[in-house]
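Biologist: Please take me closely through one part of this model, and explain each term with its cut-offs as you come to it. I would like to see how that part ties in with the rest of the chain.

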Amino acid sequence: MALMAAPSPSRNDQLALGFNALTAQWPDVALRVLERLTCASDIQEWLNGVATADWSQVRSPLAVVRDRRCNPLDAGLFAAASLRRLGHVPRVLPIGRGEDT
């Protein structure tokens with residue numbers, strides 16, 4: 001009898017498992033917010049209703065849900081995490097400040 005190795009999970013499967021493991025620790029009220037975000041426009045609409053915060057701290061996606069406050073970086077990371085949950089492969093790119101002329 002030949003032994004066969006189990007197929008290794010795809011990168012998407014690995015990312016989904018990581019996000020599911022992260023959100024497994026979230027309180028039910030935060031999970032209910034995520035469950036209502038079923039597409040990119042839902043995510044954007046929800047973020048539009050969140051108060052703008054200053055840059056004094058960087059919030060995790062859970063803290064954005066809990067505090068209902070975020071700065072642009074927090075919003076981008078929250079959106080990327082929410083899109084990942086929906087099966088998309090979001091990209092977060094570092095954008096440096098251009099040289100002043």
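Modeller: A polar contact is a pair of N or O atoms within 3.5 Å; within protein, one must be able to donate a hydrogen and the other to accept it, and residues adjacent in sequence count only if both atoms are side-chain atoms. This is a predicted model, in which local features need pLDDT of at least 70 and side-chain atom pairs count only at pLDDT 80 or more, while totals for chains, interfaces and linings use all residues. Residues are numbered from 1 along each chain as its sequence is written, and side-chain values use heavy atoms, with hydrogens and water left out.

I will start from Arg59, which is found in the loop between strand 1 (51–52) and helix 4 (61–67); helices (H or I, at least four residues) and strands (E, at least two) are DSSP runs, numbered from the N terminus. Arg59 is buried, with a relative accessible area of 9%, where buried means under 20% relative accessible area, exposed over 50%, and partly exposed in between, with a 1.4 Å probe and protein chains only. The side chain of Arg59 makes a polar contact of 3.3 Å with that of Asp67. If neighbours within four places in sequence are left aside, Arg59 is in contact (heavy atoms within 4.5 Å) with Ala53, Asp54, Val64, Asp67, Arg69 and Asp74.

Beyond helix 4, in the loop that leads to strand 2 (69–70), lies Arg68. Arg68 is not a glycine, yet its phi is positive, at about 50°. For comparison, most residues other than glycine have a negative phi. Arg68 is partly exposed, with a relative accessible area of 39%.

Asp74, a contact of Arg59, leads on to helix 5, in which Asp74, Ala75, Phe78, Ala79, Ala80, Ala81, Ser82 and Arg84 are buried. Helix 5 (residues 72–85) has 14 residues and spans 20 Å from its first C-alpha to its last, close to the expected 20 Å, a figure obtained as 1.5 Å times one less than the number of residues. At its start, a side-chain oxygen of Asn71 comes to within 2.9 Å of the backbone nitrogen of Leu73, and after helix 5 comes Gly87, whose phi is positive, near 100°.

Phe78 also brings in helix 3 (residues 40–48), since rings of Phe, Tyr and Trp (its six-membered ring) pair if their centres lie within 6.5 Å, and planes under 30 degrees apart count as stacked, over 60 as edge-to-face and the rest as tilted. By this rule there is one aromatic pair. It is formed by Trp46 and Phe78, which are stacked at 5.0 Å centre to centre with 25° between the planes. The pair links distant parts of the chain, with Trp46 in helix 3 and Phe78 in helix 5, 32 residues apart, and both Trp46 and Phe78 are buried.

Helix 4 has a second neighbour to consider, Trp26, which sits in the loop between helix 1 (11–23) and helix 2 and is buried, with a relative accessible area of 6%. Not counting residues up to four places away in sequence, Trp26 touches Leu31, Leu34, Pro61, Leu62 and Val65. Trp26 and Leu62 are 36 residues apart in sequence and 7.3 Å apart in space, C-alpha to C-alpha.
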